[in-house]
Amino acid sequence: MRKLIITFFLLLSFYSNAYAEQVQTKFKFKINVPDSYVQIKTDLNFDQLSKNYKGREVDMNYIRQLLKAVGGNLSYEYFVHKDLTPNGNSINLNQIPGSATTIDEYKKLPRSTLCNYLQSEISKMYNGKNVNQTYCDFIGKINNNISEVFKMIHDGRLPNQKLIQYQFQFRDNLITATLGCYKENCDFMDKDLANMLKSINF
């Protein structure tokens, strides 16, 4: 029985790895990306990306803007789900060089002060729209390379959308991983993002 259980977990591990591709990010670390996502890259053109959404109600102008905005930007990595409209369901990583001390600064503040401030910053992003904050705290270590992570969950910019963010230090930089998702997709997309972050290596 024990041998059967071990074999079962080995098979699960194999299939999990088989359906994820390791990619080199612009930030000098590698990450495993599930094959249900497309990484927006400079060599990816509109036709290649749009064919994933053929027959679906997708804002193709948004896809064009996405390719233009992300392709040559060294501070962003963007991932869109192949089966979901990208306008409302996407993952991006953002790097702020020289801002690694942000996490240490967070620790110095009372949690309520910090979370109220972050909530107000999200509101400013949405032109003063009132946003609910449903999570704001450290979640600890996610792998051997990333020791401390701060997680936030707010209302998204669109109706029925959430904004889920993870922040952590990488070398001298602050990395923010952001998931924008319609609420019905947030559970599995958040698990996907968490697994991507757990896979970070360099």
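**S6 and S7.** I started with the pairing of S6 and strand S7 (residues 149–155), and I found six bridges joining them in the antiparallel sense. I noted one pair by name: Asp137 sits opposite Lys151 in S7. A reminder to myself: this is a predicted model.

**The whole sheet.** Next I asked in what order the seven strands lie. They run S3-S4-S5-S9-S8-S7-S6 in an open sheet, and the pairing is antiparallel. I then looked for the edges, which are strand S3 (37–39) and strand S6 (133–140), each pairing on one side only. From one strand to the next I noted an average twist of 15°.

**What packs on the sheet.** I followed helix H6 (residues 186–198) next, which packs on the sheet. Helix H6 touches S3, strand S4 (76–81), strand S5 (90–96), S7, strand S8 (161–170) and strand S9 (173–182). The direction of H6 makes about 160° with that of S9.

**H6 by itself.** I checked the span of H6: its 13 residues reach 18 Å from first C-alpha to last, close to the 18 Å expected at 1.5 Å a residue. I then listed the buried residues of H6: Cys186, Met189, Asp190, Asp192, Leu193, Met196 and Leu197. They lie on the same side of H6, because the arc they cover around the axis is only 155°. I was glad to recall here that an α-helix has 3.6 residues a turn, so residues three or four places apart point the same way. On the other side of H6 I found Asp187 and Lys191 exposed.

**The core.** Which residues touch the most other members of the largest nonpolar core? I found Phe168 and Leu197 in that role, in a core of 28 residues. Strand S2 (30–34), S5, S7, S8, S9 and H6 each supply at least two residues of this core. H6 gives the most, with five residues. I also wrote down the contacts of Phe168, leaving aside residues up to four places away in sequence: Ile103, Ile146, Glu148, Val149, Asn173, Leu174, Ile175, Leu197 and Ile200.

**S4, S5 and S9.** Back to the sheet, now at S5. S4 and S5 run antiparallel and are joined by five bridges, and here Phe79 stands opposite Ile91 in S5. S5 also pairs with S9, again in the antiparallel sense, over seven bridges. Ile91 turns up once more in that pairing, standing opposite Leu179 in S9. I noted that S5 is mostly covered, with six of its seven residues buried.

**S7, S8 and S9.** I moved on to the two hairpins. S7 and S8 pair in the antiparallel sense over seven bridges, and Met152 has Gln165 in S8 as its bridge partner. This hairpin leaves five residues between its strands, and Asn160 in the turn has a positive phi of about 65°. S8 and S9 pair in the antiparallel sense over 10 bridges, and the bridge partner of Leu163 is Gly180 in S9. Their hairpin has two residues between the strands, with Arg171 in the turn at a positive phi of about 55°. S8 itself is mostly covered: I counted eight of its 10 residues as buried.

**H5.** I gave helix H5 (residues 111–125) the length check too. Its 15 residues should span 21 Å at 1.5 Å a residue, and its end C-alpha atoms are 21 Å apart, so the two agree. Buried in H5 are Leu114, Cys115, Leu118, Ile122 and Ser123. The buried residues of H5 pack against helix H4 (102–108), S6, S7 and S8. Just after H5 I came across Asn127, which takes a positive phi of about 60°.

**One more positive phi.** Lys28 has a phi near 75°, a positive value in a residue other than glycine. I placed Lys28 in the loop between strand S1 (20–24) and S2. Is Lys28 buried or exposed? Lys28 counts as exposed because its relative accessible area is 57%, and the cut-off for exposed is over 50%.

**Whole-chain tally.** Last, I took stock of the chain. There are six helices and nine strands, and 44% of the 202 residues count as buried. Among contacts between residues at least 6 apart in sequence, I noted that 54% join residues at least 24 apart.

Key. Residues are numbered from 1 along each chain as its sequence is written. This is a predicted model: local features need pLDDT of at least 70, side-chain atom pairs count only at pLDDT 80 or more; totals for chains, interfaces and linings use all residues. Side-chain values use heavy atoms; hydrogens and water are left out. Two strands pair if DSSP finds at least two bridges between them. Helices (H or I, at least four residues) and strands (E, at least two) are DSSP runs, numbered from the N terminus. Axes are lines fitted to C-alpha atoms, for helices over the stretch in contact, and angles run from 0 to 180 degrees between N-to-C directions. Contact means heavy atoms within 4.5 Å. The expected span of a helix is 1.5 Å times one less than its number of residues. Buried means under 20% relative accessible area, exposed over 50%, partly exposed in between (1.4 Å probe, protein chains only). The arc is that of the directions from the helix axis to the C-beta atoms. A nonpolar core is a set of buried Ala, Val, Leu, Ile, Met, Phe, Trp, Tyr and Cys residues joined through side-chain atoms within 4.5 Å.
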